[in-house]
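Reader: I am new to this structure and would like to learn how to read it. Could you walk me through it step by step?

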Amino acid sequence: MATPLVVSDVAKSFIMHLRDGIKLPVVTGVSFSIRSGECAVLGGPSGAGKSSILKMLYGNYAVDEGQIIVQHEDGLIDLATASPRTVLAVRRLTIGYVSQFLRTVPRVSALDVVAEPLVQRGADREAARNKARALLAQLNLPEKLWMLPPATFSGGEQQRVNIARGFITEHPILLLDEPTASLDARNRDVVIGLIAAKKAAGVALLGICHNHDVREAVADRVIDVTAFAAGKIAA
Amino acid sequence: MTDEPLLRVSALSKFYGSRVGCENVTFDLWPGEVLAVVGESGSGKTTLLNCLSTRLLPSSGTASYRMRDGQFRELYRMSEAERRFLMRTDWGFVHQNPADGLRMTVSAGANVGERLMAVGDRHYGKIRATAVDWLSRVEIDEDRIDDEPRAFSGGMRQRLQIARNLVTGPRLVFMDEPTGGLDVSVQARLLDLLRGLVTDLGLAAIVVTHDLAVARLLSQRMMVMKDGRVVESGLTDRVLDDPRAPYTQLLVSSILQV
């Protein structure tokens with residue numbers, strides 16, 4: 001099996017300049033890899049650094065040390081040192097991300113929010129919207145909401161828009177940040193089904209998931225983030 | 001996607017006597033990329049924008065632009081006439097105050113048509129049809145085409161200014177606080193419009209703003225300026241979500257949450 005994502009010896013800390021420059025260590029020595037067709041889940045209590053790891057893998061947080069090697073197009077690149085332009089290309093083609101919270105844009109409908117990542121990859125707008133409709137229907141989002149901007153949606157409705165947006169493309173790597181946190185049981189099952197389909201399609205998935213049932217259903221293994229706790233070494 | 005940038009800026013500085021306007025700014029801009037330049041008043045961001053758009057000549061440094069024939073040309077070595085031609089055809093400049101970018105005493109249609117005539121269009125019917133099309137793209141009703149911008153609201157004037165700039169199909173647009181001074185609802189409409197146009201037309205843009213929310217919505221990359229220097233740069237969401245420089249941390253922590 002291919003291994004499209006290899007993380008080695010990654011460390012991250014925050015320096016708070018407004019608090020006299022105190023250093024908040026987050027994680028250190030983060031090392032793991034994800035194979036195609038596998039779903040790994042980051043485990044550990046809140047504050048252990050799970051979200052920070054996902055955000056570094058998406059280029060959303062800077063990396064202090066270490067390497068994040070991603071198979072991108074026909075080569076390997078190190079996301080930890082890649083230029084902004086390369087990170088953008090990786091996001092467009094290689095790494096997808098379902099964030100915990102939806103960042104809405106004024107006046108853009110839920111349907112177009114979902115279709116956008118496909119359009120960015122060069123798909124025809126109408127074809128992308130059709131796929132978006134199918135996904136939103138599958139996730140039981142009432143059709144009367146599709147043409148509305150999601151800013152005023154409930155938490156669960158926004159999350160389903162976010163999930164549809166993340167799952168619509170065929171990125172070979174997909175990061176999931178609590179994809180089922182505010183969903184009811186029926187929609188959790190839909191997401192479990194979507195994840196299973198991605199695995200079958202050979203996508204490498206890495207997620208954060210506190211819900212026991214979902215984790216049991218999708219995770220092939222759990223990566224214990226407490227092993228990378230930076231505090232242990234600093235303290 | 002092309003492998004060459006559209007604009008290459010190297011060690012650009014502008015001094016006003018002994019005062020620093022901007023100092024040692026270096027970056028590349030690729031086609032289709034929107035770069036936000038943020039910082040508070042006096043940080044040098046408008047000086048930088050004016051140097052890049054050749055409205056001001058820098059004290060030192062270089063900027064070269066990839067012309068439509070693929071050749072890079074040094075901006076500050078071009079003749080005044082060549083620069084003016086670039087400004088009229090391949091570039092756009094959206095001012096904070098629409099009155100600076102529009103002719104307030106000629107009709108809306110003429111404001112848009114004038115740029116077309118500058119690139120050699122002479123057919124009246126065609127120019128008018130293109131003007132109508134662009135007014136509708138910026139959501140101005142066709143029956144306002146013969147009105148002067150003096151009779152327009154601030155938001156409409158700004159949309160007209162955008163139409164005037166984009167009608168010639170520029171490849172690079174400079175924007176100086178494009179949503180400054182507008183109501184939030186008008187601002188949202190304008191931002192959505194700009195986002196759509198930039199994506200559909202594949203424009204590259206350099207947007208100067210002090211509003212980090214505007215920068216997040218419009219740009220993929222960001223430069224943070226303070227006292228004329230770039231203190232931090234990178235992907236827009238990286239800079240805003242994981243600010244590293246003390247000044248950026250201060251800026252980000254000063255945003256009011258709604």
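**Reading the core, the domains and the chains**

Author: Happily! The largest nonpolar core has 133 residues, and those with the most contacts inside it are V114(A), A164(A) and V37(B). Helix α3 (residues 110-120) of chain A gives the largest share of this core, 6 residues. Please keep in mind that this is a predicted model.

Reader: Why does this core lie between domain 1 and domain 2 of chain B?

Author: The way to tell is to ask who gives residues to the core. Domain 1 (1-90 + 174-258) and domain 2 (100-169) of chain B both give residues to this core, so it lies between them.

Reader: Which residues does V37(B) touch, leaving aside residues up to four places away in sequence?

Author: Leaving those out, V37(B) touches K45(B), L48(B) and L49(B), and also I206(B), V208(B), M223(B) and M225(B).

Reader: How do I read the division of chain B into domains?

Author: Start with the bounds, then look at the contact. Domain 1 of chain B is written as 1-90 + 174-258, and domain 2 as 100-169. Their C-alpha centres lie 25 Å apart. In the contact, 10 residues of domain 1 of chain B meet 11 residues of domain 2 of chain B. On the domain 1 side, the elements that give two or more residues are α2 (80-89) and α7 (184-201) of chain B, with α7(B) giving the largest share, 5 residues. By class, that side has 7 nonpolar, 2 polar and 1 charged residues.

Reader: What does UniProt list for residues 7-252 of chain B?

Author: A record can put a label on a stretch, and then you can look at the stretch itself. The unreviewed UniProt entry lists residues 7-252 of chain B as "domain: ABC transporter". Over those residues the chain is 40% helix and 26% strand, and the end C-alpha atoms are 28 Å apart.

Reader: How should I describe a contact between two chains?

Author: One general idea first. The size of an interface is often given as the accessible area lost when the parts come together. Here we can count residues instead: the contact takes 14 residues from chain A and 19 residues from chain B. The chain A side divides into 9 nonpolar, 3 polar and 2 charged residues.

Reader: And how do I get a feel for each chain as a whole?

Author: Set the radius of gyration against the value for a compact globule. With 258 residues, such a globule would have a radius of gyration near 18 Å, and chain B has 18 Å, which agrees. The C-alpha trace of chain B spans about 55 × 45 × 40 Å along its principal axes. Chain B has 10 helices and 10 strands, and 46% of its 258 residues count as buried.

For chain A, a compact globule with 235 residues would also have a radius near 18 Å, and chain A has 18 Å, which agrees. The C-alpha trace of chain A spans about 55 × 40 × 35 Å along its principal axes. Chain A has 8 helices and 9 strands, and buried residues make up 41% of its 235 residues.

Reader: Which residues of helix α4 (residues 108-118) of chain B are buried?

Author: For a helix, look at which residues are buried, then at what covers them. In α4(B), the buried residues are A108(B), G109(B), N111(B), V112(B), G113(B), R115(B) and L116(B). Their cover includes α2, α5 (124-137) and α6 (154-166) of chain B. Just after α4(B), G120(B) takes a positive phi of about 105°.

Reader: Where in chain B does a residue other than glycine take a positive phi?

Author: Two cases are A11(B), with phi near 50°, and E139(B), with phi near 65°. A11(B) lies in strand β1 (residues 7-16) of chain B, while E139(B) sits in the loop between α5 and α6 of chain B. A11(B) is partly exposed, with 13 other C-beta atoms within 10 Å. E139(B) is partly exposed, with 13 other C-beta atoms within 10 Å.

Reader: Is P142(A) buried or exposed?

Author: Count the C-beta atoms around the residue: 12 or fewer within 10 Å makes it exposed. P142(A) has 9 others within 10 Å, so it is exposed. P142(A) is found in the loop between α4 (125-138) and α5 (155-167) of chain A. The C-alpha atoms of P142(A) and Q67(A), 75 residues apart along the chain, are separated by 43 Å.

Definitions and conventions
Residues numbered from 1 in each chain as written. Chains lettered and ligands numbered in written order. Predicted model: local features only at pLDDT ≥ 70, side-chain atom pairs only at ≥ 80, totals over all residues. Core = buried A, V, L, I, M, F, W, Y, C linked by C-beta atoms within 7 Å. Buried ≥ 20, exposed ≤ 12 C-beta atoms within 10 Å, placed from the backbone. Helix = DSSP H or I, 4+ residues; strand = E, 2+ residues; numbered from the N terminus. Domains from an automatic or database assignment. Contact = placed C-beta atoms within 7 Å. UniProt positions renumbered as here; feature names shortened; annotations may be inferred. Nonpolar A, V, L, I, M, F, W, Y, C, P; charged D, E, K, R; others polar. Rg over C-alpha atoms; globule rule 2.2 N^0.38 Å.
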